[in-house]
Amino acid sequence: MIWEVIVTYAVAICLIIGAAFSLIGSIGLLKFNDSMTRLHAPTKVGTVGIGALLLASMIHSYLTGYGALHELLIMAFLFVTAPISANFIAKVNLHRRDCDMPPAPPQDETWSTLNVPEADLELQEQKDA
Amino acid sequence: MMLATDMMNIALWIAFGAIAIAQIMAMIRLVIGPGTGDRILALDTMVVNAIGLIVLLGIAQGTRIYFEVTLVIAMLGFVSTVAYARFVLRGDIIE
């Protein structure tokens with residue numbers, strides 16, 4: 001009996017943590033004033049916020065008697081894909097020059113977004129010659 | 001002394017309200033966002049918040065049937081974010 005009470009409190013704490021991270025991440029998305037700064041806040045929503053909510057769901061499923069670890073699948077997928085999409089959005093910001101730009105790259109036209117591999121450059125030179 | 005289940009219900013309703021407000025703020029950024037990157041980021045955040053809302057719905061109703069819904073939305077959200085970003089970067093999604 002006391003064990004169920006402790007687990008229920010654990011679910012409540014996980015829910016509060018996840019909701020707080022989601023809310024604060026979205027406040028950051030709305031209030032920050034630079035594109036790259038805005039990119040920083042919602043990455044925490046995708047990892048800590050949703051991670052805590054899914055953890056609460058897992059603990060709750062054990063509490064109701066039909067325990068399962070299915071949510072680990074969603075958690076693993078989100079944790080793997082969140083940095084990839086953040087990297088792509090940062091590339092979009094650099095490509096569209098919506099942020100403070102770093103110094104110009106030595107050879108390419110824009111930073112990392114139109115990068116051509118060395119092998120393709122050699123093929124292009126052979127085709128031109 | 002408050003019962004533990006009452007405590008969990010209150011936490012559930014607080015979480016519903018917080019994520020609903022977060023979703024609305026992401027939607028405001030989607031509308032006013034000055035750059036294309038901001039709009040893609042706001043859509044990505046909205047997908048993540050929608051996953052959170054569906055997980056909360058599953059906890060509130062005590063069912064397991066929303067698991068597949070959440071998984072499909074997570075996958076489609078990632079694919080759509082990458083597709084938008086690729087389209088802005090290269091002018092084409094599949095080259």
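Mentor: Helices are taken here as DSSP runs of H or I with at least four residues and strands as runs of E with at least two, both numbered from the N terminus. Keep in mind, too, that this is a predicted model.

Trainee: OK, what order do the elements of chain A run in from the N terminus on?

Mentor: Going from the N terminus, they read α-α-α-α-α, and the secondary structure of chain A accordingly comes to 5 helices and 0 strands.

Trainee: And what share of chain A is buried?

Mentor: Of the 129 residues in chain A, 38% are buried, while the chain exposes about 7500 Å², with carbon and sulfur atoms supplying 65% of that area. If you take the contacts within chain A between residues at least 6 apart in sequence, 46% of them join residues at least 24 apart.

Trainee: Let me pick one residue there. What does Leu63(A) touch, sequence neighbours aside?

Mentor: Once neighbours within four places are set aside, Leu63(A), which sits in helix H3 of chain A, is in contact with Glu4(A), Val7(A) and Thr8(A). By contrast, Ile27(A) is 36 residues from Leu63(A) in sequence and 33 Å from it in space, C-alpha to C-alpha.

Trainee: Why is Leu63(A) counted as partly exposed?

Mentor: Because its relative accessibility is 28%, and the partly exposed class lies between the 20% and 50% limits.

Trainee: Switching to the interface: how much area is buried between chain A and chain B?

Mentor: About 4300 Å² is buried between the two chains, and carbon and sulfur atoms give 79% of it. The contact draws on 50 residues from chain A and 49 residues from chain B.

Trainee: How many residue pairs are in polar contact across it?

Mentor: There are 7 such pairs, counting those with both residues at pLDDT 80 or more. On the side of chain A that touches chain B, the elements giving two or more residues are helix H1 (2-31), helix H2 (35-40), helix H3 (42-63) and helix H4 (71-96).

Trainee: How many salt bridges cross the interface?

Mentor: The rule finds 2 between chain A and chain B, and the count over all chains is also 2. In one of them, Arg38(A) lies in helix H2 of chain A and Asp38(B) in helix H2 of chain B, so this pair joins two chains; their side chains meet at 2.9 Å, N to O.

Trainee: Are those two partners buried or exposed?

Mentor: Arg38(A) counts as buried at 5% relative accessibility, and Asp38(B) is likewise buried, with a relative accessible area of 1%.

Trainee: Which side chains meet in a salt bridge at 3.5 Å?

Mentor: Those are Arg64(B) and Glu71(A), again N to O. The pair runs from the loop between H2 and helix H3 (67-90) of chain B, where Arg64(B) lies, to helix H4 of chain A, which holds Glu71(A). Here Arg64(B) is partly exposed at 27% relative accessible area, whereas Glu71(A) is buried at 6%.

Trainee: What about Thr45(B), which residues does that one touch?

Mentor: Leaving out residues up to four places away in sequence, Thr45(B) touches Ser26(A), Leu29(A) and Pro42(A) as well as Gln23(B) and Ala26(B). Thr45(B) belongs to helix H2 (residues 36-61) of chain B and counts as buried at 3% relative accessibility.

Trainee: Last one: which residues make the nonpolar surface patch of about 470 Å²?

Mentor: That patch is made by Ile24(B), Met27(B), Ile28(B), Val31(B) and Ile32(B). Among them, Val31(B) lies in helix H1 (residues 4-32) of chain B and is exposed, with a relative accessible area of 60%.

How values were computed:
Residues numbered from 1 in each chain as written. Chains lettered and ligands numbered in written order. Predicted model: local features only at pLDDT ≥ 70, side-chain atom pairs only at ≥ 80, totals over all residues. Heavy atoms only, no water. Patch = residues over 30% accessible without salt bridge, like charges linked within 9 Å, V, L, I, M, F, W, Y side chains within 5 Å. Areas by Shrake-Rupley, 256 points an atom, 1.4 Å probe, with all protein chains shown as cover. Salt bridge = Lys/Arg side-chain N within 4 Å of Asp/Glu carboxyl O. Buried < 20%, exposed > 50% of the residue type's maximum accessible area, 1.4 Å probe, protein only. Contact = heavy atoms within 4.5 Å. Buried area = accessible area lost by both parts, 1.4 Å probe. Polar contact = N/O pair within 3.5 Å; in protein donor to acceptor, adjacent residues only side chain to side chain.
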